[in-house]
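The exercises below go through one protein chain, each with a worked solution. Try each task with the coordinates open before reading on.

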Amino acid sequence: MAFEKFVPSSRPRTTQVSIKRAGTISFDRAAAIACGLDRATHATLHFDPAHKLIGVKPAGAGEDGALRLSHRTRVSSLRARAFFEFYGIELTVTRRYAITFDSAAGMAVIPLGAVKRRRGPRPKQP
């Protein structure tokens with residue numbers, strides 16, 4: 001018999017983030033390390049409505065708008081339900097996104113792409 005050996009390809013994994021229906025943003029270990037979130041206890045969230053980009057920046061506990069980061073063995077997560085409600089970003093299913101790091105701004109950037117925003121006026125920030 002002529003057997004062929006299967007050797008899976010070892011292509012590099014892209015760093016990913018998952019945004020869950022409940023409003024939790026979860027960073028895989030590689031993404032957290034690449035963006036400096038693995039060492040942070042808190043992070044601030046930023047939004048670019050024109051390009052549908054979410055920015056996540058490591059922050060100190062006392063910083064304005066800082067949310068607590070939770071760290072597990074393979075994932076770091078951030079509860080951000082209020083953020084998604086404030087900007088009217090629909091969360092119907094859990095989605096995964098490739099994440100990049102903007103070194104000039106010092107933050108992770110999540111491109112939402114085709115995610116819809118709810119219609120209607122947005123509340124003004126204080």
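**Exercise 1.** Find how many bridges join β2 to strand β6, and in which sense the two strands run.

Solution. This is a predicted model.
Step 1. Strand β6 spans residues 75–79, and five bridges join β2 to β6. The two strands run antiparallel.
Step 2. For a single position in this pairing, take Phe 27: its bridge partner in β6 is Ser 76.
Step 3. On to the pairing of β2 with strand β1. Strand β1 covers residues 16–19 and strand β2 residues 24–28; three bridges hold them in the antiparallel sense. Ser 18 has Ser 26 in β2 as its bridge partner.
Step 4. Strand β6 also pairs with strand β5 (residues 67–71), again antiparallel, over three bridges. Here Ser 70 stands opposite Ser 77 in β6, and the hairpin that joins β5 to β6 passes through three residues.

**Exercise 2.** State the order of the strands in the open sheet, and name the edge strands.

Solution. Step 1. The sheet has nine strands, in the order β7-β1-β2-β6-β5-β3-β4-β9-β8, with antiparallel pairing.
Step 2. An edge strand pairs on one side only, which is the case for β7 and for β8 (100–102).
Step 3. From one strand to the next, the twist averages 30°.
Step 4. Compare this with the order along the chain. The chain has two helices and nine strands, and from the N terminus on the elements run β-β-α-β-β-β-β-α-β-β-β.

**Exercise 3.** Decide whether Thr 24 is buried or exposed, and list what Thr 24 touches.

Solution. Step 1. Thr 24 lies in strand β2.
Step 2. The relative accessible area of Thr 24 is 17%. The cut-off for buried is under 20%, so Thr 24 is buried.
Step 3. Leaving out residues up to four places away in sequence, Thr 24 touches Ser 18, Ile 19, Ser 77, Leu 78 and Arg 79.
Step 4. For the whole chain of 126 residues, 36% count as buried. The accessible surface of the chain comes to about 8,800 Å², and 52% of that belongs to carbon and sulfur atoms.
Step 5. Of the contacts between residues at least 6 apart in sequence, 60% join residues at least 24 apart.

**Exercise 4.** Classify the ring pairs that Phe 47 forms with Phe 83 and with Tyr 87.

Solution. Step 1. A pair of aromatic rings is described by the distance of the centres and the angle of the planes. The structure holds five aromatic pairs.
Step 2. For Phe 47 and Phe 83 the centres are 6.1 Å apart and the planes stand at 85°. An angle over 60 degrees counts as edge-to-face, so this pair is edge-to-face.
Step 3. The two residues are 36 apart in the chain: Phe 47 is in strand β3 (residues 42–48) and Phe 83 in helix α2 (residues 81–86). Phe 47, at 14% relative accessibility, is buried, and so is Phe 83, at 10%.
Step 4. For Phe 47 and Tyr 87 the centres are 4.8 Å apart and the planes at 45°, so the pair is tilted. This pair also links distant parts of the chain, 40 residues apart, with Tyr 87 in the loop between α2 and β7 (95–98). Tyr 87 counts as buried at 16% relative accessibility.
Step 5. Ring pairs link Phe 47, Phe 83, Phe 84, Phe 86 and Tyr 87 into a cluster.

**Exercise 5.** Locate the two salt bridges of the structure, and give the accessibility of the residues that form them.

Solution. Step 1. One salt bridge is formed by Asp 38 and Arg 39, with the closest N and O atoms 3.4 Å apart. Asp 38 is partly exposed at 24% relative accessibility, whereas Arg 39 is exposed at 65%.
Step 2. Another is formed by Arg 81 and Glu 85, with the closest N and O atoms 3.5 Å apart. These residues are four apart in helix α2, so about one helical turn separates them.
Step 3. Arg 81 is partly exposed at 42% relative accessibility, and Glu 85 is partly exposed at 48%.

**Exercise 6.** What is notable about phi of Lys 52?

Solution. Step 1. Most residues other than glycine have a negative phi.
Step 2. Phi of Lys 52 is positive, near 55°.
Step 3. Lys 52 sits in the loop between β3 and β4 (53–59) and is partly exposed, with a relative accessible area of 25%.

Key. Residues numbered from 1 in each chain as written. Predicted model: local features only at pLDDT ≥ 70, side-chain atom pairs only at ≥ 80, totals over all residues. Heavy atoms only, no water. Phe/Tyr/Trp six-rings, centres within 6.5 Å; stacked < 30°, edge-to-face > 60°. Buried < 20%, exposed > 50% of the residue type's maximum accessible area, 1.4 Å probe, protein only. Pairing = 2+ DSSP bridges. Axes fitted to C-alpha atoms, helices over the stretch in contact; angles between N-to-C directions. Contact = heavy atoms within 4.5 Å. Areas by Shrake-Rupley, 256 points an atom, 1.4 Å probe, with all protein chains shown as cover. Salt bridge = Lys/Arg side-chain N within 4 Å of Asp/Glu carboxyl O.
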